[in-house]
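Here is a short report on one model. Look over the structure first, then read on.

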2 protein chains.
Amino acid sequence: MALETAEIRPSGSPLSIRRAANGRKSGGETVDSRFDRQLARVLEHAAQIFCEKGYEGASMRDLSRASGMSLAGLYHYFASKEELLYLIQKHTFRSIIDNLRERLGASTDPEERVRIFVENHLEYFLANKEAMKVLAHEDETLKDARGAEVRAIKREYYRICFDLLEDLKKAKGLQFSGRLAVLSLFGMMNWFYTWHNPRIDANAKALADEMSGIFLYGVLPRKNGNRKAAPAKP
Amino acid sequence: MALETAEIRPSGSPLSIRRAANGRKSGGETVDSRFDRQLARVLEHAAQIFCEKGYEGASMRDLSRASGMSLAGLYHYFASKEELLYLIQKHTFRSIIDNLRERLGASTDPEERVRIFVENHLEYFLANKEAMKVLAHEDETLKDARGAEVRAIKREYYRICFDLLEDLKKAKGLQFSGRLAVLSLFGMMNWFYTWHNPRIDANAKALADEMSGIFLYGVLPRKNGNRKAAPAKP
DNA sequence: ATGAAGTCCGAACGAACGTTCGGTAGTTCG
DNA sequence: CGAACTACCGAACGTTCGTTCGGACTTCAT
């Protein structure tokens, strides 16, 4: 799945790209202008390079080579290397949240909604591995205004998860630390990128089921045997 | 807790430091030579700088400034920046494994041994925050021989955890994917460094109890009420 | 006292870094 | 046509990077 065009922020924002998307052409076939499509192409290559070598370890020359555009030409599309990282992180975060909001509409059962959260996260992770690793690994890289904005989106995402767990608590009359539960769950899910091997590991749906099972019921069985046990490894 | 001297590997190893530790002095009070003590001091500062700025983002000049030693002087103690990272990672891993092995001697109960593992990991993490973040965050940074050696120690550590879970499985007649369980548990524990706040979060022992609880029993209650529930957040 | 070994530094090396400048095609549009 | 604008590039800018070199001061066994 390709990165779409980085969305343009409301005018007046200090972080907006210098140019607005214009979807008009005399024979306009797509909504995105050529500028937007090229930017998206560059962002995709950038996500891959940042994923491979890390943000600091990746050079603009690496990116130039990967995208087939000259070093100077790249700067036609963004102002700095840091803005590149910002655009990738913002788009990825907004995009996974949008996906999630849509999926959560499908259920009102608290436990199932938690399962939907996990499944959405892992499926998006698998479908956008490079960008998601950049999101998880370069968590503290951005500073100042751009960093603050991405951190705000991250809080929004965490908050959704926190609220899902609060609903679950209320529905089942439970007591546990919501903070630790959320952060443990995110730990399980985000550590993903350090070990996932498509030749060994199951698909996103199956992994999400197993992870939800561990998070909700643990690896030990309850006394009554009705929990969904993960299948044994062959 | 300070980094001790990086241990010297058997002679003939291609990665050994160029100099062996000699504990002898006429009035010898410590086992470590001056060389060893200075190296340990530099390693400690290096861990802190790498923790703050990342390995690639940290410069030898940053390290020179932090340790109060001249840029050229640093190279008296190691051959390259990469060796620095290697020494930090190797020492930290060996050290946490040694701690663990000693603690595991205290119990033969499978469930308690898993709890000991979690407790040891989190306590070591809290006591050596900088070095442990460098270990977790710069996981893929080292290449070639040094990377292979650290990866081998990592496998050893993972293997210990995997075997603990296999013992638990056998003892309780369970079925679950050991691989996913180990990696989920490591995810919970290693994500730690991205969120731990000493002003908010409990001490290592309490956090370890809660995390073990989630991992073993999940956040949902068993039908009989005998699980150790985490206290509600005020 | 002497020499070897250990400890440390100022200055510099070439390479690589992110970014900018001036310019050249190509397209759009009155 | 020609002015305005978009898309892009070669070459260079100044800075910072990891590392090295030659030497100076200290320590210590003889």
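The notes below cover the surroundings of the DNA and one backbone feature.

## Basis

This is a predicted model.

## Around DNA strand C

Around DNA strand C there are 19 residues. Those that come nearest are Ser59(A), Ser80(A), Ser70(B), Ala72(B) and Gly73(B).

Both chains supply helices to this surface. From chain A come helix 2 (60-67), helix 3 and helix 4 (81-104). From chain B come helix 1 (34-53) and helix 3. Each gives at least two residues. By class, the surface near strand C has 8 nonpolar, 7 polar and 4 charged residues.

## Around DNA strand D

DNA strand D also has 19 residues around it. Here Ser70(A), Ala72(A), Gly73(A), Ser59(B) and Ser80(B) come nearest.

Chain A supplies helix 1 (34-53) and helix 3 (71-74). Chain B supplies helix 2 (60-67), helix 3 (71-74) and helix 4 (81-104). Again, each contributes at least two residues. The surface near strand D divides into 8 nonpolar, 7 polar and 4 charged residues.

## Positive phi at Asp144

In chain A, Asp144(A) has a phi near 55°. That is a positive value in a residue other than glycine. Asp144(A) lies in helix 7 (residues 144-172) of chain A. Is Asp144(A) buried or exposed? Asp144(A) is exposed, because 8 other C-beta atoms lie within 10 Å, and the cut-off for exposed is 12 or fewer.

In chain B, Asp144(B) also has a positive phi, near 55°. Its place is in helix 7 (residues 144-172) of chain B. Asp144(B) has 8 other C-beta atoms within 10 Å, so Asp144(B) counts as exposed.

Notes:
Residues numbered from 1 in each chain as written. Chains lettered and ligands numbered in written order. Predicted model: local features only at pLDDT ≥ 70, side-chain atom pairs only at ≥ 80, totals over all residues. Near = placed C-beta within 6 Å. Helix = DSSP H or I, 4+ residues; strand = E, 2+ residues; numbered from the N terminus. Nonpolar A, V, L, I, M, F, W, Y, C, P; charged D, E, K, R; others polar. Buried ≥ 20, exposed ≤ 12 C-beta atoms within 10 Å, placed from the backbone.
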